[in-house]
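Work through the exercises below with the sequence and the structure at hand. Try each task before reading its solution.

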Amino acid sequence: MKIKDVRKIRNQFLFVDCEDDCDLQKIHSSIQNQEELKKNITHVQPKVKLPNVSFYNIPNEIKEPEITEVIRLRLGVTDETIKVKFKLKGRREGTSHRVVGNSPSTFHLLTKNKKFF
């Protein structure tokens, strides 16, 4: 069993980073086999967070499906994880800012291209 890193998080959590899923399963099964540890320790898998990109000064006439379609067409991807998470009021009248969540590969393509709208 190979453990890469162990960290204490917020005084109540212990983060254990393993080489692969097999090592993680070994730790989890050894905890489940011992009654004392089973009462005190719970296993929580971390959630995967997708990166966000902000688009500024988009006209209010452009709707969310159009934004995701433009991103897909301009990048040439079929990524279904591209979603407008929320809308913020823009500085100029008639515009808004949009925060778009996407996959890491799409995020890198988006950061290379500076202008979309």
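**Exercise 1. Burial and surface.** State which share of the chain counts as buried, and describe its accessible surface.

Solution. Step 1: buried means under 20% relative accessible area, exposed means over 50%, and partly exposed lies in between (1.4 Å probe, protein chains only). Step 2: by this rule, 26% of the 117 residues of the chain are buried. Step 3: the accessible surface is about 9300 Å², and carbon and sulfur atoms account for 52% of this area. Areas are computed by the Shrake-Rupley method with a 1.4 Å probe, and for residues only the protein chains shown count as cover.

The model is predicted, so local features need pLDDT of at least 70 and side-chain atom pairs count only at pLDDT 80 or more, while totals for chains, interfaces and linings use all residues. Residues are numbered from 1 along each chain as its sequence is written, and side-chain values use heavy atoms, with hydrogens and water left out.

**Exercise 2. Overall form.** Give the order of the elements, then set the radius of gyration of the chain against that of a compact globule.

Solution. Step 1: helices (H or I, at least four residues) and strands (E, at least two) are DSSP runs, numbered from the N terminus. Step 2: there are four helices and five strands in the chain, in the order β-β-α-α-β-α-β-β-α from the N terminus on. Step 3: the radius of gyration is taken over C-alpha atoms, and the globule rule is 2.2 Å times the number of residues to the power 0.38. Step 4: the chain has 21 Å, whereas a compact globule of 117 residues would have a value near 13 Å. Step 5: the C-alpha trace spans about 60 × 30 × 20 Å along its principal axes. Step 6: a contact means heavy atoms within 4.5 Å. Of the contacts between residues at least 6 apart in sequence, 52% join residues at least 24 apart.

**Exercise 3. Strand 3 and strand 5.** Is R98 buried or exposed? Find also what P59 is in contact with beyond four places in sequence.

Solution. Step 1: P59 lies in strand 3, residues 52-59, and R98 in strand 5, residues 95-101. Step 2: apart from neighbours within four places in sequence, P59 is in contact with G94, T95 and R98. Step 3: R98 counts as buried because its relative accessibility is 3%. P59 has a relative accessible area of 30%, so P59 is partly exposed. Step 4: N57 is also found in strand 3. Its phi is near 55 degrees, a positive value in a residue other than glycine. Most residues other than glycine have a negative phi. Step 5: between the C-alpha atoms of R98 and K4, 94 residues apart in sequence, the separation is 38 Å.

**Exercise 4. Two helix residues.** Compare T68 and K38 by burial and by contacts.

Solution. Step 1: T68 lies in helix 3, residues 64-75, and is buried because its relative accessible area is 9%. Step 2: leaving aside neighbours within four places in sequence, T68 is in contact with I82, K83 and V84. Step 3: K38 lies in helix 2, residues 35-40, and is partly exposed because its relative accessibility is 40%. Step 4: not counting residues up to four places away in sequence, K38 touches I31 and Q32.

**Exercise 5. The largest pocket.** Which residues are the closest to the centre of the largest pocket?

Solution. Step 1: on a 1 Å grid over the protein atoms alone, a pocket is an open set of points where a 1.4 Å probe fits, with protein on both sides within 12 Å along at least five of seven lines; lining residues have an atom within 4 Å of a point. Step 2: the largest pocket has a volume of about 1000 Å³, a volume being the space filled by probe spheres set on the points. Step 3: 25 residues line the largest pocket, and L14, F15, V16, H43 and V44 are the closest to its centre. Step 4: strand 2 (13-18) and helix 1 (21-33) each supply at least two lining residues.
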